[in-house]
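This report is meant for someone meeting the structure for the first time. It turns to two helix packings, then to a salt bridge and a loop residue.

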Amino acid sequence: MAHFNFGYFKIKTNRKVKPMSINKKIIAWQKGKEFYDGSRQNGYGGFKYDGRWLKILPKIIKRYKLNSSSKVLEIGCKKGFLINDLKKLIPGIKCYGVEDHIYPIRNCKKEVRKFLKYSNFTKLPFKSNSFDCILAFSSIYTYNFGDLVKILKEITRISKSNKNLITVASYNNVRDLKKLLEWTSLSTVILKKKEWNDLFKKTKYKGDHFFTDAKVLGLK
């Protein structure tokens, strides 16, 4: 169990925190068209493919020694951009994704549509020891605490090893927690790093993790 900075978050400028209204939070939690492809005030403001994973994935591929014989799952795959790029980088790799809302699957890259599945993350539709590597970026900590415990156990159940990587929301002090709570529209479980490590031990999650905090996000 280790903290692994895979190079996804590279914020060059500070983000000014503006508390989200209840109406905007409701829109965001629907995770539909308005969240992904509507106004930036309600979500991504256009969740479009930009090829960023082609630059990030080599580091992940090297760490987990992925090859054409590997079987990989992404939890919270959204429109399948990571899966698309992983298949480009490693022809023949078996790569799948699960998403808990229909809109991103219906609007995913057509090249990976058959590899994406709709599913709640607390009960993943796969047999035990199914995957060589499991990835979950900005997804599992949007569930409540009880469900998050179930998800961590599910990751361990369907994983062949500990070659897994998840991102989780964290904070160092009350000031940073306030910034996160005002900035985020979806995060429901935000813990201190020590608390996350305690949770990993209790749930027997032994894979890697990355802490997303106010500093990483460039919040001021």
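Helix α6 passes helix α8 in a right-handed crossing, and in this predicted model the two helices, residues 145–158 for α6 and residues 193–203 for α8, pack at an angle of about 55 degrees with their axes 10 Å apart. Because an angle of this kind falls outside the ranges counted as roughly parallel, roughly antiparallel or roughly perpendicular, α6 and α8 are described as oblique to each other. On the side of α6 the contact is made by Phe145, Leu148, Val149, Leu152, Lys153 and Thr156, while α8 contributes Trp196, Leu199, Phe200 and Thr203. Sorted by class, the residues of this contact are 7 nonpolar, 2 polar and 1 charged.

A second packing involves helix α3, residues 53–64, and helix α4, residues 81–89, whose axes come within 9 Å and cross at roughly 70 degrees. The two helices are therefore roughly perpendicular to each other, and α3 passes α4 in a right-handed crossing. The residues that make the contact are Trp53, Leu54, Leu57, Pro58 and Ile61 from α3, together with Phe81, Leu82, Asp85, Leu86, Lys88 and Leu89 from α4. By class, this contact has 9 nonpolar and 2 charged residues, and no polar ones.

The two packings are set out below.

| Helix pair | Crossing angle | Axis distance |
|---|---|---|
| α6 and α8 | about 55 degrees | 10 Å |
| α3 and α4 | roughly 70 degrees | within 9 Å |

Helix α3 also takes part in a link of another kind, since Arg63 lies in this helix and Asp208 in strand β7, residues 208–212, so that the pair ties together parts that are 145 residues apart in sequence. The link is a salt bridge between Asp208 and Arg63, in which the closest N and O atoms are 2.6 Å apart. The structure holds 10 salt bridges. Side chains of opposite charge can pair when their charged atoms come close.

Which residues does Thr122 touch, not counting residues up to four places away in sequence? They are Tyr143, Asp147, Lys150, Ile151 and Glu154. Thr122 itself lies in the loop between β3 (116–118) and β4 (133–136), and a polar contact of 2.5 Å joins its side chain to that of Asn120.

Methods: Residues are numbered from 1 along each chain as its sequence is written. This is a predicted model: local features need pLDDT of at least 70, side-chain atom pairs count only at pLDDT 80 or more; totals for chains, interfaces and linings use all residues. Side-chain values use heavy atoms; hydrogens and water are left out. Axes are lines fitted to C-alpha atoms, for helices over the stretch in contact, and angles run from 0 to 180 degrees between N-to-C directions. Helices (H or I, at least four residues) and strands (E, at least two) are DSSP runs, numbered from the N terminus. Angles under 35 degrees count as roughly parallel, over 145 as roughly antiparallel, 65 to 115 as roughly perpendicular and the rest as oblique. A crossing is left-handed if the near helix is turned anticlockwise from the far one by less than a right angle, and right-handed if clockwise. Contact means heavy atoms within 4.5 Å. Ala, Val, Leu, Ile, Met, Phe, Trp, Tyr, Cys and Pro count as nonpolar, Asp, Glu, Lys and Arg as charged, and the others, Gly among them, as polar. A polar contact is a pair of N or O atoms within 3.5 Å; within protein, one must be able to donate a hydrogen and the other to accept it, and residues adjacent in sequence count only if both atoms are side-chain atoms. A salt bridge is a side-chain nitrogen of Lys or Arg within 4 Å of a carboxyl oxygen of Asp or Glu.
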